[in-house]
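Visitor: I'd like to go through this model label by label and hear what stands behind each one. Could you show it to me before we start?

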Amino acid sequence: MQTIQIDWHIICYEEFRYLENKALKIFIDEKKYLDIFKKMDFKVIMALGWDWTMLSAIKDLKHLEMPFLWINFWTKWFLLNDLWFINSKDFVEKKYPLLEFNLKTNQSTNTFYSFNEFDIRAWNWRVITLEISLNNKNILISWDWIIVSTPAWSTWYNNSLGWPIIPHNINAFVITSKAPFNPKWQNPILVSWDSEISIRNIWRKNTLQIYSDSNLVYEWTWESVCLNLKKSEKQVTFLIFKDYLEKWEEKVLFEQGFSK
């Protein structure tokens, strides 16, 4: 992702999409974003592009603790503002929590944050056995891949595996298995945001790959790891054009399975 600094505003976009997307190129070259900035008396991070642009901006810039203003310039988009509503003068804030997980290995402890989900995958599709602990209760599950989804992204991998979508106003995240080996029919595990869970790989310690929002953050062979998951105190603030809010909320409901 390429980043441009303009005064104290930040505009984020992907260079190849800037070169091939005429609307995006005009918006930047003709500095149409200045009309939006003139309406604001606070700092924002503006992300122009599509869903992946949004995730890249969250990953790289969340530490600035500034609200994000997303504007869609592509066909695939979710939670982004529509380009045709940028003349709106007012904004509505939407706040989304981040999923925090501490990864403890033999060498170190690192903290990662996910807006969408994090994945634990067995390399080369070998089965791994994980112990999941919640409120001093443990379960053992052997599988190829687990996905821990926030409500914002339960519409994606979690739903494609046949499991339910979590409405955005429910304070929970969901743990979903792919290709479970034992038990054969492992239902998704819904966990309250107020809870903290731990996950350890035991017995079958094949190579693990751990992804945060589709970014590989860990890969190792035959090593014990422990992950502690909880709702982060950090959160992401979105700015939605007030004139677009009704359509934005309709779009969210549509992604959750409700027809327009």
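Visitor: What makes the meeting of the Asp60 and Lys59 side chains a salt bridge?

Guide: The N to O distance between Asp60 and Lys59 is 3.4 Å. A salt bridge needs a side-chain nitrogen of Lys or Arg within 4 Å of a carboxyl oxygen of Asp or Glu, so this pair gets the label. Bear in mind that this is a predicted model, where local features need pLDDT of at least 70 and side-chain atom pairs count only at pLDDT 80 or more, while totals for chains, interfaces and linings use all residues. Residues are numbered from 1 along each chain as its sequence is written, and side-chain values use heavy atoms, with hydrogens and water left out.

Visitor: Why does Lys59 count as partly exposed?

Guide: Lys59 has 46% relative accessibility. Buried means under 20% relative accessible area and exposed means over 50%, with partly exposed in between (1.4 Å probe, protein chains only), so Lys59 lands in the middle class. Its partner Asp60, at 34%, is partly exposed too.

Visitor: How many salt bridges does a search of the whole structure find?

Guide: It finds 7. Among them is Glu93 with Lys95, at 3.4 Å from N to O. Glu93, at 48%, counts as partly exposed, and so does Lys95, at 46%. Another one is Lys32 with Glu30, where the closest N and O atoms are 3.3 Å apart.

Visitor: Why is Glu30 called exposed?

Guide: Glu30 has a relative accessible area of 51%, so it earns the word exposed. Lys32 has 35%, so that residue is called partly exposed.

Visitor: What makes helix H4 "mostly covered"?

Guide: In H4, residues 51-61, 8 of the 11 residues are buried. The name follows from DSSP: helices are runs of H or I with at least four residues, strands are runs of E with at least two, and numbering goes from the N terminus. Asp51, Thr53, Met54, Leu55, Ser56, Ala57, Ile58 and Leu61 are the buried ones.

Visitor: Which strands do the buried residues of H4 pack against?

Guide: They pack against E2 (9-13), E3 (45-49), E4 (68-72) and E15 (226-241). In the loop between H4 and E4 you'll find Glu65, whose phi is near 55 degrees, a positive value in a residue other than glycine. Glu65 has a relative accessible area of 67%, so it is exposed.

Visitor: Which residues cover the two faces of E13?

Guide: Leu208, Ile210 and Ser212 are on one side, Gln209 and Tyr211 are on the other, and all are buried. That's 5 of 5 for this strand, which spans residues 208-212.

Visitor: How do you know that E7 and E13 pair?

Guide: Two strands pair if DSSP finds at least two bridges between them. E7 (residues 117-122) and E13 have 5 bridges, in the antiparallel sense, so they pass. One bridge to look at joins Arg121 to its partner Gln209 in E13.

Visitor: What makes E13 and E14 a hairpin?

Guide: E13 and E14 (residues 215-220) pair in the antiparallel sense over 5 bridges, and there are 2 residues between them. In the turn, Asp213 has a positive phi of about 50 degrees. Ser214 is also in the loop between E13 and E14, with a phi near 70 degrees, again a positive value in a residue other than glycine. Ser214, at 35% relative accessibility, counts as partly exposed.

Visitor: Why does Leu208 count as buried?

Guide: Leu208 has 2% relative accessibility, so it counts as buried. In E14, its bridge partner is Trp220.

Visitor: Which residues does Leu208 touch, not counting those up to four places away in sequence?

Guide: Contact means heavy atoms within 4.5 Å. Leu208 touches Ile120, Arg121, Ile128, Asn201, Tyr218, Glu219, Trp220 and Val225. As for Trp145, its C-alpha atom is separated from that of Leu208 by 9.7 Å, with the two residues 63 apart along the chain.

Visitor: What do the totals for the whole chain look like?

Guide: There are 6 helices and 15 strands, and buried residues make up 52% of the 260 residues. Among contacts with a separation of 6 or more, 65% come from residues 24 or more positions apart. The accessible surface, from the Shrake-Rupley method with a 1.4 Å probe, where for residues only the protein chains shown count as cover, is about 13500 Å², and 49% of that belongs to carbon and sulfur atoms.
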